[in-house]
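Trainee: Could you walk me through this one before I head back to the bench? I'd like to go through the sheets and the ligand site.

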Amino acid sequence: MAEPRNVNELRKVIDFCESEGLPFFVLGGGSNVLFPDDGFHGVVIRMKAFSNLEVNDNIITAGAGVLLKRLINISQREGLSGFEPLIGIPGEVGGSIVMNAGLKEREIGDLLESVTIFSYEGDLETLAPSELGLSYRSSKIQNIGIIVEAKFRLIHGDKEKIAKLIEEYLERRKSTQPYGTKSAGCIFKNPAPDLSAGYLLDKAGLKGFRKGDAMYSTVHGNFIINLGNAKASDVTYLIEEGKRRVFEEFGYQLEEEIVRVEDPWESYT
Ligand code: EPU
């Protein structure tokens, strides 16, 4: 695990991985990532120390490692509106942009002004949102490099109104999702904008279905929660079973939203 504190250190880590032939994986907050039970035989790079946060009029600049929660709190305090629907999404700025985290009302990409990326060629590039291949829970950023920081363009608003909106969105999340339990968020992407994977999993009878300590949430069908010591293999089993049953019942091929990390070791043995 490497936690570079600045771009120079990030460069050293990448150079080291390249010269040693080591695979690397850039981990954000880890909130929608499933690692294999046997671990990852390579270097995991964490961007936590990229925690700079500056407000300039209606533009917020945030390092890749800033927690979304902190970003939302600061924008509320500064009377800047835009982030409210994203409240309750765990994770950091970098990972949230790579995944284009969000919900129907708002994706994080909608608020982007620019993103600074440490490219795999070793250059620092500042790219416009249109260059990032942003789409529903996805982007092309992983093909370009590693996010170092992002600029967000927000709208001036009333602090009280922003706080109220944040509270309403949080309440909605708490009443419809297993908020506060251990999970990786929604497991699958919705197969169509107006068709919820959670609805399909629910109707296919997956809620409460359990393997080991992993279980389809009884609150929302698209969450698998960890009741204690769930293994990645338990979660994988539930994922495959969910896919199979939804396909059999409704003919939809569900696709994972979470990132399932492959152990590079597997391909050597
Ligand atoms: N529904 C059920 N049973 C369930 C779950 C949902 O009947 O078990 C029904 C609900 O009653 C509602 C409809 O399905 O009528 C849609 O449900 P919901 O509003 O919860 O939205 P969703 O499409 O299931 C999406 C995002 C969530 C996001 C919510 C915000 C995806 C895969 N999911 O869920 O994102 O928080 O909207 O409303 O796009 C995530 O990406 O990790 C995530 C949690």
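What follows is a short back-and-forth about a predicted model.

Trainee: Let's start with the sheet that contains β13. What is the order of its strands?

Mentor: It's an open sheet of 4 strands, and the pairing is antiparallel. Its edge strands are β13, residues 183-186, and β14, residues 210-211, each pairing on one side only. Reading across from β13, the order is β13-β16-β15-β14.

Trainee: Which residue in β15 stands opposite R210?

Mentor: β14 and β15 (residues 214-216) run antiparallel, with 2 bridges joining them. R210 has its opposite number in β15, and that's M215.

Trainee: And which helix packs on that sheet?

Mentor: Look for the helix that touches β14, β15 and β16 (223-226). Its direction makes about 25° with that of β15. It covers residues 232-250, and it's α7.

Trainee: On to the ligand. Which element gives the most to the shell around it?

Mentor: There are 20 residues surrounding the ligand, and the closest are Y136, N190, D202, G221 and E257. By type, the shell divides into 6 nonpolar, 8 polar and 6 charged residues. Three elements, α5 (159-176), β13 and α6 (197-203), each supply at least two of the shell residues. The one that gives the most, with 3 residues, is α6.

Trainee: How far is the polar side-chain atom of K207 from an oxygen atom of the ligand?

Mentor: Let's take a few side chains in turn. Q177 has an N or O side-chain atom 2.8 Å from a ligand oxygen. For N190, a polar side-chain atom also lies 2.8 Å from an oxygen of the ligand. For K207, the distance from its polar side-chain atom to a ligand oxygen is 3.2 Å.

Trainee: What percentage of the ligand's accessible area does the protein cover?

Mentor: Start with the ligand on its own, which has 810 Å² of accessible area. The part of that covered by the protein is 71%.

Trainee: Now the hairpin made by β4 and β5. Which residue in its turn has a positive phi?

Mentor: β4 (residues 53-56) and β5 (residues 59-63) run antiparallel and are joined by 4 bridges. One of the pairings puts E54 with T61 as its bridge partner in β5. The hairpin leaves 2 residues between the strands, and the one with a positive phi of about 55° is D57.

Trainee: Which helix lies across β4, β5 and β11?

Mentor: Those strands belong to an open antiparallel sheet of 5 strands, in the order β4-β5-β11-β9-β10. Its edges are β4 and β10 (124-127), and neighbouring strands are turned by 20° against each other on average, direction ignored. The helix you're after runs at about 30° to β4 and spans residues 68-77: that's α2.

Conventions. Residues are numbered from 1 along each chain as its sequence is written. This is a predicted model: local features need pLDDT of at least 70, side-chain atom pairs count only at pLDDT 80 or more; totals for chains, interfaces and linings use all residues. Side-chain values use heavy atoms; hydrogens and water are left out. Two strands pair if DSSP finds at least two bridges between them. Contact means heavy atoms within 4.5 Å. Axes are lines fitted to C-alpha atoms, for helices over the stretch in contact, and angles run from 0 to 180 degrees between N-to-C directions. A residue is near a molecule or strand if one of its heavy atoms lies within 4 Å of it. A polar contact is a pair of N or O atoms within 3.5 Å; within protein, one must be able to donate a hydrogen and the other to accept it, and residues adjacent in sequence count only if both atoms are side-chain atoms. Accessible areas come from the Shrake-Rupley method with a 1.4 Å probe; for residues, only the protein chains shown count as cover. Ala, Val, Leu, Ile, Met, Phe, Trp, Tyr, Cys and Pro count as nonpolar, Asp, Glu, Lys and Arg as charged, and the others, Gly among them, as polar.
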